[in-house]
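Here's a quick briefing to keep open next to the viewer. Have a look at the fold first, then work through the notes by topic.

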Amino acid sequence: EVNASGEEMPTYIVGTEAQFPPFEIVDSRGKVVGFDVDLLNAIAEDQGFKVQYLDQDFAGLIPALQTGNIDIIASGMTITEEREQEVDFSEPYITAGLALAVPINNEEIQSVADLQGKTVAVQTGSTGFMKAEELKEAGVIAEIKDFPHVNEAIEELKIGGADVMINDLPVTEAFIAAQPDVIKIVGEPLNSESYGFAVRTGNTELLQKINTGLENVKASGEYDELLTNLPKY
Ligand code: GLN
């Protein structure tokens, strides 16, 4: 297949941890769908490249990018200074932030001020994990239990193995929408974070395509359309 410039369309391998609704989730047919996927597909269409998704653990995404197993990370990944040392990020494409969630019947924890001596469940390698480490070093929380997937952290809350989960607010909301009687969000968001697509450091050609495509998809109104049609999980 050739693109608008008459060149053979390149295919880029996209790493994603597809248990992170509404950004990426595997549908009933086994296909990876979600806002990140829709958005990157639209960018790919605009820029004349093809994408192939590879579902893998979040903590392995940056190493996979660095070794060349994947070309792009599209996985609700927050742009952070630490990660900027390891990968190059696109322009931010959406804003999220961390929030606390507790078992549905917990009335004790309302905010970070109530986390003294508590056990926190988080996703391995996530910004929630980093926040938990910060709170542990500060002598606030007692223990961190980390899991490859958010649903496993939620499960830990459910069985009483952890008191609280720190995770991206829209994602916790999506899990709650699917299963309303297990956990609840408490307090205000802990911060504000921006997600970016990541490419290998120095891969300016691909980064340029992603950034230009993102601009075009925003300008055309397609971005807003995708946001209003988030997948139901
Ligand atoms: N936004 C969070 C981070 O970048 C979590 C991402 C994820 O688990 N997919 O660490």
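What follows covers the domains, the ligand shell, the nonpolar core and two helices.

Keep in mind that this is a predicted model. The domain assignment splits the protein into domain 1 (11-95 + 194-228) and domain 2 (98-186). Both the shell around the ligand and the largest nonpolar core draw at least three residues from each of these domains.

**Domains**
- The C-alpha centres of domain 1 and domain 2 are 25 Å apart.
- At the contact between them, 11 residues of domain 1 meet 13 residues of domain 2.
- Sorted by class, the side of domain 1 that touches domain 2 has 6 nonpolar, 4 polar and 1 charged residues.

**Ligand shell**
- Around the ligand you'll find Glu 17, Phe 20, Phe 58, Ser 75, Gly 76, Met 77, Thr 78, Gln 123, Ser 126, Thr 127 and Asp 168.
- By class, that shell comes out as 3 nonpolar, 6 polar and 2 charged residues.
- Thr 127 is worth a second look: this member of the shell is also one of the buried residues of helix 4.

**Nonpolar core**
- The largest nonpolar core has 62 residues, and Ile 73, Val 164, Met 165 and Ala 198 have the most contacts inside it.
- Helix 1 (residues 35-47) gives the core its largest share, with 7 residues.
- If you leave out residues up to four places away in sequence, Ala 198 touches Leu 65, Ile 72, Ile 73, Met 77, Val 87, Asp 88 and Phe 89.
- Two of those partners turn up elsewhere in these notes: Ile 73 is listed with Ala 198 for the most contacts in the core, and Met 77 sits in the shell around the ligand.

**Helix 4**
- Helix 4 (residues 127-137) buries Thr 127, Gly 128, Phe 129, Lys 131, Ala 132 and Leu 135.
- Its buried residues pack against strand 9, strand 10 (119-123), strand 11 (143-147), strand 12 and strand 14 (193-195).
- Just past the end of helix 4, Gly 139 has a positive phi of about 75 degrees.

**Helix 6**
- In helix 6 (residues 169-178), the buried residues are Leu 169, Val 171, Thr 172, Ala 174 and Phe 175.
- They pack against strand 2 (19-20), strand 8 (94-96), strand 9 (98-103), helix 5 (150-158), strand 12 (164-168) and strand 13 (183-186).
- Strand 9 and strand 12 are among the packing partners of helix 6, and helix 4 packs against both of them as well.

Technical notes: Residues are numbered from 1 along each chain as its sequence is written. This is a predicted model: local features need pLDDT of at least 70, side-chain atom pairs count only at pLDDT 80 or more; totals for chains, interfaces and linings use all residues. A residue is buried if 20 or more other C-beta atoms lie within 10 Å of its own, exposed if 12 or fewer, and partly exposed in between; C-beta atoms are placed from the backbone. Helices (H or I, at least four residues) and strands (E, at least two) are DSSP runs, numbered from the N terminus. Two residues are in contact if their C-beta atoms, placed from the backbone, lie within 7 Å. A residue is near a molecule or strand if its C-beta atom, placed from the backbone, lies within 6 Å of it. Ala, Val, Leu, Ile, Met, Phe, Trp, Tyr, Cys and Pro count as nonpolar, Asp, Glu, Lys and Arg as charged, and the others, Gly among them, as polar. Domain bounds come from an automatic or database domain assignment. A nonpolar core is a set of buried Ala, Val, Leu, Ile, Met, Phe, Trp, Tyr and Cys residues joined through C-beta atoms within 7 Å.
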